[in-house]
Amino acid sequence: MALSISAVVLLLIVVVLLIRKAGLKSAHALVCVLLGFYLASSSVGPMIGDFTSNVAGMIGGIKF
C-alpha cells in the first residue's frame, strides 16, 4: 500500500508540473487520469501493478 500511495503522489506531482510548466491542459490531464482508472480495472491492471512493484524493488535494492 505504501508503494501505491508513493507512486500516486509522485505521478500527481509530475502532472501538476506538466500543467504549470509544459502547457499540459487540464482536459488532457483528466483524460490521462480516466485512462489510468480504466487500465487499473482492466485485465492489464495486475500486470502494471506487478511491473511497478518489481521496478521499485530493483530501485530499492541498488546500493550506492
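**A quick tour, starting at G23**

So, let's begin with one residue: G23 counts as partly exposed, because its relative accessibility is 48%, and partly exposed sits between buried, under 20% relative accessible area, and exposed, over 50%, with a 1.4 Å probe and protein chains only. Before I go on: this is a predicted model, where local features need pLDDT of at least 70, side-chain atom pairs count only at pLDDT 80 or more, and totals for chains, interfaces and linings use all residues. Residues are numbered from 1 along each chain as its sequence is written, and side-chain values use heavy atoms, leaving out hydrogens and water.

Where is G23? You'll find G23 in the loop between α1 (2-21) and α2. From G23 to D50 is 27 residues in sequence and 32 Å in space, C-alpha to C-alpha.

Okay, the whole chain. The protein chain has three helices and zero strands; those are DSSP runs, H or I of at least four residues for helices, E of at least two for strands, numbered from the N terminus. How far does the C-alpha trace span? Along its principal axes, the trace covers about 35 × 35 × 15 Å. And of the 64 residues, just 3% count as buried.

Last stop, helix α2, residues 26-41, which is where L30 lies. L30, V33, L34, F37 and Y38 make a nonpolar surface patch of about 560 Å². Patch residues have over 30% relative accessible area and no salt bridge, with nonpolar side chains (Val, Leu, Ile, Met, Phe, Trp, Tyr) joined within 5 Å and like charges within 9 Å. A salt bridge is a Lys or Arg side-chain nitrogen within 4 Å of an Asp or Glu carboxyl oxygen, and areas come from the Shrake-Rupley method with a 1.4 Å probe, where for residues only the protein chains shown count as cover.
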